[in-house]
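Visitor: Please take me through this model, and explain the reasoning behind each term you apply to it.

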Amino acid sequence: MDIQIILKRIGNGDKPAFALVVQHFQHPLFAYLGRMGLSQGLAEEIAQETFLRAWKCLHAYDPARAEFSTWLFTIARNLAFHELGRAAGKRKVSGNEFLLDVAGEGDPPADAARQTQLREKLLDALRALPVADRSALALAYFQELDLKAIARIEGCSTGAVKVRLHRAKQRLRQLLEEYHE
């Protein structure tokens, strides 16, 4: 999908074309928010708010400054950080709906239970990381964005992203080893 063509259509008055933008980015955006540790319901709310803000501010998007996806994920990241900061201590966030289901349908019950335990340990380890680290990991490894795009979304240099990813992976590895003991 060529997003620039769709954005031109919208700019020329084809407002229903924004539905194509939503269809194209809905799943990746929703998955990113879930991997940041948001519950399914909260991720849905933030995704909807992200699209609403993108629609209202579409005139402010500048393709010379960033890809549309980078701009959209930046909006989502800022909304998620605001919500997570506001909700700190009020409710437990969960992201288990968004992790890959590592147990296959035909796996024996014991294997499926072990996979569920491993998934829960991974979620616990991810929740122990700072939100900014979870965001960078999700963008790098689940959304497969390059360092430059992650830096734009995170509002820092590519060097800072490299350091943050390296430290986050080390901390995640350490936490998983602690949980494994």
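**Terms and their grounds**

Guide: In this predicted model, 40% of the 181 residues in the protein are buried. The accessible surface of the protein comes to about 10600 Å², and 52% of that surface belongs to carbon and sulfur atoms.

Visitor: How many helices and strands does the protein have?

Guide: The protein has eight helices and zero strands. Along the sequence the pattern reads α-α-α-α-α-α-α-α. Of the contacts with a separation of 6 or more, 65% are between residues 24 or more positions apart.

Visitor: How many disulfides does a search of the whole structure find?

Guide: The search finds zero disulfides. A disulfide would require a pair of cysteine sulfur atoms within 2.5 Å.

Visitor: Why is cysteine 57 called partly exposed?

Guide: The relative accessible area of cysteine 57 is 34%. Buried requires a value under 20% and exposed a value over 50%, with partly exposed in between; cysteine 57, at 34%, is therefore partly exposed. Cysteine 156, at 24%, is therefore partly exposed as well.

Visitor: What is the reach of helix α2, and what is expected?

Guide: Helix α2 covers residues 18–35, and its 18 residues reach 25 Å from the first C-alpha to the last. That is close to the 26 Å expected at 1.5 Å a residue. There is nevertheless a kink of about 45° at phenylalanine 25, shortly before proline 28. Just after α2, glycine 37 takes a positive phi of about 100°.

Visitor: Which residues of α2 are buried?

Guide: The buried residues of α2 are Phe18, Val21, Phe25, Leu29, Phe30, Ala31, Tyr32, Leu33, Gly34 and Arg35. As a general point, an α-helix has 3.6 residues a turn, so residues three or four places apart point the same way.

Visitor: How many aromatic pairs are there, and what makes the pair of tyrosine 32 and phenylalanine 73 edge-to-face?

Guide: The count comes to six aromatic pairs. The ring centres of tyrosine 32 and phenylalanine 73 are 5.3 Å apart, and rings pair if their centres lie within 6.5 Å. Their planes stand at 65°, and planes over 60 degrees apart count as edge-to-face, so the pair is edge-to-face. The pair links distant parts of the chain, with tyrosine 32 in helix α2 and phenylalanine 73 in helix α4 (residues 68–87), 41 residues apart.

Visitor: Why do tyrosine 32 and phenylalanine 73 count as buried?

Guide: The relative accessibility of tyrosine 32 is 0%, and that of phenylalanine 73 is 4%. Buried means under 20%, so tyrosine 32 counts as buried, and so does phenylalanine 73.

Visitor: What makes the pair of tyrosine 61 and tryptophan 71 tilted?

Guide: The ring centres of tyrosine 61 and tryptophan 71 are 5.4 Å apart, with their planes at 50°. Planes under 30 degrees apart would be stacked and those over 60 edge-to-face, so 50° makes the pair tilted. Tyrosine 61 is in the loop between α3 (40–56) and α4, and tryptophan 71 is in helix α4, ten residues apart. Tyrosine 61 and tryptophan 71 are buried. One aromatic cluster is formed by Phe25, Tyr61, Phe68 and Trp71.

Visitor: How do you know that serine 135 is buried?

Guide: Serine 135 has a relative accessible area of 0%. The cut-off for buried is under 20%, so serine 135 is buried. Serine 135 lies in helix α6 (residues 131–142). Leaving aside its neighbours within four places in sequence, serine 135 is in contact with Tyr32, Met36, Arg77, Phe81 and Glu154. The buried residues of α6 also include Asp133, Arg134 and Leu137.

Visitor: What is notable about the phi of glutamate 144?

Guide: Glutamate 144 has a positive phi of about 55° although it is not a glycine. In general, most residues other than glycine have a negative phi. Glutamate 144 lies in the loop between α6 and α7 (147–154). Its relative accessibility is 65%, and exposed means over 50%, so glutamate 144 counts as exposed.

Visitor: Why is arginine 173 called partly exposed?

Guide: Arginine 173, in helix α8 (residues 158–180), has a relative accessible area of 48%. Partly exposed lies between under 20% and over 50%, so the term applies to arginine 173. The C-alpha atoms of arginine 173 and leucine 122 are separated by 9.8 Å, with their positions 51 residues apart along the chain.

Note on methods:
Residues are numbered from 1 along each chain as its sequence is written. This is a predicted model: local features need pLDDT of at least 70, side-chain atom pairs count only at pLDDT 80 or more; totals for chains, interfaces and linings use all residues. Side-chain values use heavy atoms; hydrogens and water are left out. Buried means under 20% relative accessible area, exposed over 50%, partly exposed in between (1.4 Å probe, protein chains only). Helices (H or I, at least four residues) and strands (E, at least two) are DSSP runs, numbered from the N terminus. The expected span of a helix is 1.5 Å times one less than its number of residues. The bend at a residue is the angle between axes fitted to the seven residues ending there and the seven starting there. Contact means heavy atoms within 4.5 Å. Accessible areas come from the Shrake-Rupley method with a 1.4 Å probe; for residues, only the protein chains shown count as cover.
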